[in-house]
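Here is a structure to read through by asking how its descriptions are justified. Each answer sets a value against the cut-off it has to meet.

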Amino acid sequence: MIEKDLGFVLKRHNFRETSLILTLYTARFGKISGICKGFYSGKKEFSAHLDTFSLNEFVFYPKRNEIWLISHADLVSDFFFLRKDLSKMRVAAFLFNVVEKAMPLWDANYQIFNLINYCLNLLSKEKEMKVLYLFLIKFLTLSGFKPELDRCICCENSLQQESLFSISRGGFVCRRCSHRVKDIQVISQQASRSLAYIQKTDFPLVLRLNPTVACQEDIFYILREFMSYHFDFSNAAYSSIFKIPQAALK
Ligand SMILES: [Zn+2]
């Protein structure tokens, strides 16, 4: 059956002389892979450039094979501002890389689609590092990697002012249980409260949070360790996003 849906171009590569293979994150189908046959032979069905980051309306034919046939694409937004700002572009590329890596094919999640859309637009007006940690905390929560930030991961009692985090167990530990977990990281109270606040507060309210530089460093430390434990972070270019100069957090 033929379908029409909005989708972000996560990844693209050429196929043979004239075709293009895309990995998309769509609103109703989640991540999909598709081929635009004859893309480079100037077919009028592909008026859009289909650059990475762009949001397009696609017409395609879902089937059992991994690669679907995309027959039509119209540009909705190309987020052109990213091309004029290298550090924003770098953050956008990282976010897309995370979505591409973490999400399985055909696992529809409209909240994640919305989050990508919201955060790409947010990059035009907010600091890229703020968008980065907001996106990652929300994304991990929505995609099933949800870090436990409200209750102790051992005894499940609700937490008061905990600052002990276990990367391998993916959450905070209360003082009484701390001897039961090996990999405890201590972060500031402000950072632990900020992490929990971001996880449960929606946009745009969550934008009011303005953590200090030290607090942001703690947040990024936890995110980096959490993501390198739960994702494949072996690629140096991939993990370099977390080497953040202090100036970028001010
Ligand atoms: Zn406990």
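**Reading the structure through its reasons**

Q: Which residue of E4 does Gly 7 stand opposite?
A: Gly 7 faces Asn 56 in E4, in a model that is predicted. Another bridge of this kind links Asp 5 with Phe 58 in E4.

Q: How do you know that E1 and E4 pair?
A: Pairing requires at least two bridges between two strands, and strand E1 (residues 3-15) is joined to E4 by 6 bridges, with the two running antiparallel, so they count as paired by that definition.

Q: What makes E4 and E5 a pair, and how are they joined?
A: Between E4 and strand E5 (residues 67-77) there are 7 bridges, again antiparallel, against a requirement of at least two. One of the bridge partners is Leu 69 in E5, set against Tyr 61, and a hairpin of 5 residues leads from E4 to E5.

Q: In what order do the strands of the closed barrel run?
A: The barrel has 5 strands in the order E1-E2-E3-E5-E4, and its pairing is mixed. From one strand to the next the twist averages 50°.

Q: Why is strand E4 described as mostly covered?
A: Of the 7 residues in strand E4 (residues 55-61), 5 are buried, where buried stands for a relative accessible area under 20%.

Q: What is the order of the strands in the open sheet, and why do two of them stand at the edges?
A: The 3 strands follow the order E7-E6-E8 with antiparallel pairing. Strand E7 (171-173) and strand E8 (184-186) each have a single partner strand, so one side of each remains without a neighbour in the sheet. Neighbouring strands here are turned by 45° against each other on average, direction ignored.

Q: How do you know that E6 and E8 are partners?
A: Strand E6 (residues 164-166) and E8 share 3 bridges in the antiparallel sense, where at least two are needed. In this pair of strands, Ser 166 stands opposite Ile 184 in E8.

Q: What makes the four cysteines donors of the zinc ion?
A: The sulfur atoms (SG) of Cys 152, Cys 155, Cys 174 and Cys 177 lie 2.3 Å from the zinc ion, and a donor has to be within 2.8 Å of such a metal, so these atoms qualify. Along the sequence the donor residues are spaced C-x2-C-x18-C-x2-C. Cys 152 lies in the loop between helix H3 (128-142) and E6, and Cys 174 in the loop between E7 and E8, so this pair ties together parts that are 22 residues apart in sequence.

Q: Why is the arrangement around the zinc ion called tetrahedral?
A: The 4 donor atoms subtend angles of 102 to 113°, while the definition asks for all angles to lie between 85 and 135 degrees, and therefore the arrangement is tetrahedral.

Q: Why do Cys 152, Cys 174 and Cys 177 count as buried?
A: The relative accessibility is 1% for Cys 152, 6% for Cys 174 and 5% for Cys 177, and the limit for buried is under 20%. Cys 36 is buried as well, with a relative accessible area of 0%.

Q: What is the largest nonpolar core made of, and which helix gives the most to it?
A: This core has 69 residues, and those touching the most other members are Leu 132, Phe 135, Leu 136, Phe 139, Phe 220 and Leu 223. Among the elements that each supply at least two residues are E1, helix H1 (86-102) and helix H5 (213-230), while H3 gives the most, with 10 residues.

Methods:
Residues numbered from 1 in each chain as written. Predicted model: local features only at pLDDT ≥ 70, side-chain atom pairs only at ≥ 80, totals over all residues. Heavy atoms only, no water. Helix = DSSP H or I, 4+ residues; strand = E, 2+ residues; numbered from the N terminus. Axes fitted to C-alpha atoms, helices over the stretch in contact; angles between N-to-C directions. Donors = N, O, S within 2.8 Å, 3.2 Å for Na, K, Ca; no water. Tetrahedral: all angles 85-135°; square planar, octahedral: opposite > 155°, others 65-115°. Buried < 20%, exposed > 50% of the residue type's maximum accessible area, 1.4 Å probe, protein only. Core = buried A, V, L, I, M, F, W, Y, C linked by side-chain atoms within 4.5 Å.
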